[in-house]
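Hi,

Here is the structure I promised to send over. Have a look at it first, and then read on for what turned up in it.

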Amino acid sequence: MKPNPITAAPADAAARKAIKPVICYPVETLPRPDLAAYRALRDDLELIETVVVPPREAATWTVPAGHFCRIVSSEGPQVGDLNLFNANDLRERLYTGKTRALNGTHVGLGDQLFSNFPYLRPIATITHDTLDWYGFDAFGGAVHDVIGTRCDPYTHNLLSHGGQYHHCCHSNLTRAFAQKTGMAPREAETYVHDVLNVFMCTGFTRDTGQYFMKASPVRPGDYLEFFAEIDLLGCMSACPGGDCSAQHSSDTAACYPMVVEIYKAKGLPEGWAPPPVNGYDGTHGF
């Protein structure tokens with residue numbers, strides 16, 4: 001909670017607050033995907049792999065460039081914390097901060113997920129979202145956010161005065177990534193990054209600006225689908241908060257498995273080419 005202000009407001013406070021906002025990143029010049037070309041392939045897809053993410057655990061999978069990936073709510077309302085990596089260079093990974101700045105706080109149909117510096121390029125394009133009907137609710141909540149960092153044992157330790165809990169999403173992702181790569185846990189967790197909260201319904205309170213969560217509207221059979229712009233390694237935790245209607249980092253919330261499906265299309269989107277790494281020369285003025 002924010003403390004009450006101790007500084008007297010200036011005489012023109014109302015006028016200052018009334019100044020209209022300016023969008024930080026005008027995106028009219030940002031190259032946008034031809035969504036119709038992607039969606040034209042969706043009616044004839046071949047399922048080539050299925051991965052089950054157990055409740056309160058994480059799992060990994062790979063998506064070759066040019067393939068589709070669906071994250072499915074299989075049995076009950078469940079949210080997932082998703083990390084994405086360049087499968088051929090793990091230093092390149094999902095950058096939720098810039099994805100948020102270029103798309104908004106929540107992502108959906110037609111949005112692209114961007115990687116970190118110095119690569120900064122779209123690594124995935126969202127091609128279908130069965131929750132796109134939700135939009136923003138009266139509380140300012142929406143689904144699939146790129147604002148939450150992931151539940152983690154360090155924050156849990158702070159808030160619980162020393163508690164040790166190992167099934168937070170950060171730890172789940174660390175274990176799954178370590179098992180996939182062979183890295184020691186301490187090294188593996190340095191690769192775990194801020195997540196796309198799949199199916200999670202979140203926003204910020206109007207009065208205090210605090211990050212909130214509420215019961216996810218996801219139903220069995222709902223899914224979020226994306227097209228892999230590059231070879232991807234996915235790693236996702238089925239959050240121990242279940243649908244995040246009350247708490248996360250919990251042994252009591254009802255939790256369900258999630259299913260990841262990898263599909264091969266008959267061809268590639270018309271005019272598609274893998275996105276090059278960012279063209280900035282990296283000299284930083286030297």
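A salt bridge here is a side-chain nitrogen of Lys or Arg within 4 Å of a carboxyl oxygen of Asp or Glu. One such pair is R121 and E92, whose side chains meet at 2.8 Å, N to O. R121 sits in the loop between β6 and β7 (122–129), while E92 belongs to strand β5 (residues 89–93), so the pair links distant parts of the chain, 29 residues apart. Helices (H or I, at least four residues) and strands (E, at least two) are DSSP runs, numbered from the N terminus. Both R121 and E92 are buried, where buried means under 20% relative accessible area, exposed over 50%, and partly exposed in between (1.4 Å probe, protein chains only).

Before the rest, a word on the ground rules. This is a predicted model, in which local features need pLDDT of at least 70 and side-chain atom pairs count only at pLDDT 80 or more, while totals for chains, interfaces and linings use all residues. Residues are numbered from 1 along each chain as its sequence is written, and side-chain values use heavy atoms, with hydrogens and water left out.

**More salt bridges**

By the rule above, the count comes to 10 salt bridges. Another of them joins R42 to E225 at 2.6 Å, N to O. R42 is in the loop between α2 and β1 (45–53) and E225 is in strand β11 (residues 223–228), with their positions 183 residues apart in the chain. R42 is buried at a relative accessible area of 13%, and E225 is buried too, at 0%. R175 and E57 form a salt bridge as well, with their closest N and O atoms 3.0 Å apart. Because R175 lies in helix α5 (residues 169–181) and E57 in the loop between β1 and β2 (58–63), this pair ties together parts that are 118 residues apart in sequence. R175 is partly exposed at 26% relative accessibility, and E57 is partly exposed at 27%.

**Pockets**

You will probably want the pocket criteria in full. On a 1 Å grid over the protein atoms alone, a pocket is an open set of points with protein on both sides within 12 Å along at least five of seven lines, and lining residues have an atom within 4 Å of a point. Grid points are joined across faces, edges and corners, and a volume is the space filled by probe spheres set on the points.

The largest pocket has a volume of about 460 Å³. Its lining has 21 residues, and R150, C151, D152, T155 and H248 lie nearest the centre. At least two lining residues come from each of α4 (153–159), β9 (196–204) and β10 (211–214). The lining divides into 10 nonpolar, 8 polar and 3 charged residues; Ala, Val, Leu, Ile, Met, Phe, Trp, Tyr, Cys and Pro count as nonpolar, Asp, Glu, Lys and Arg as charged, and the others, Gly among them, as polar.

The second largest pocket holds about 390 Å³ of space. It is lined by 24 residues, with P31, R32, Q112, P122 and P275 nearest its centre. Two or more of these lining residues are given by each of α2 (35–39) and β6 (112–114). Here the split is 15 nonpolar, 4 polar and 5 charged.

**Backbone and cysteines**

What is there to check in the backbone? Most residues other than glycine have a negative phi, and most peptide bonds are trans. Against that, the peptide bond from F117 to P118 is cis, with omega near 0°, and P118 is placed in the loop between β6 and β7. R56 is not a glycine, yet has a positive phi of about 60°; R56 lies in the loop between β1 and β2 and is buried at 18%. F199, also not a glycine, has a positive phi of about 75°. F199 is in strand β9, buried with a relative accessible area of 0%.

G148 lies in the loop between β8 (142–145) and α4 and is buried at 3%. Neighbours within four places in sequence aside, G148 is in contact (heavy atoms within 4.5 Å) with V195, N197 and Y211.

Finally, with a disulfide taken as a pair of cysteine sulfur atoms within 2.5 Å, the count comes to 0. The sulfur of C255 is 7.0 Å from the closest cysteine sulfur, in C239, which is too far for a bond.

Best wishes

Terms used: On a 1 Å grid over the protein atoms alone, a cavity is a set of points where a 1.4 Å probe fits but cannot get out, and a pocket is an open set with protein on both sides within 12 Å along at least five of seven lines; lining residues have an atom within 4 Å of a point.
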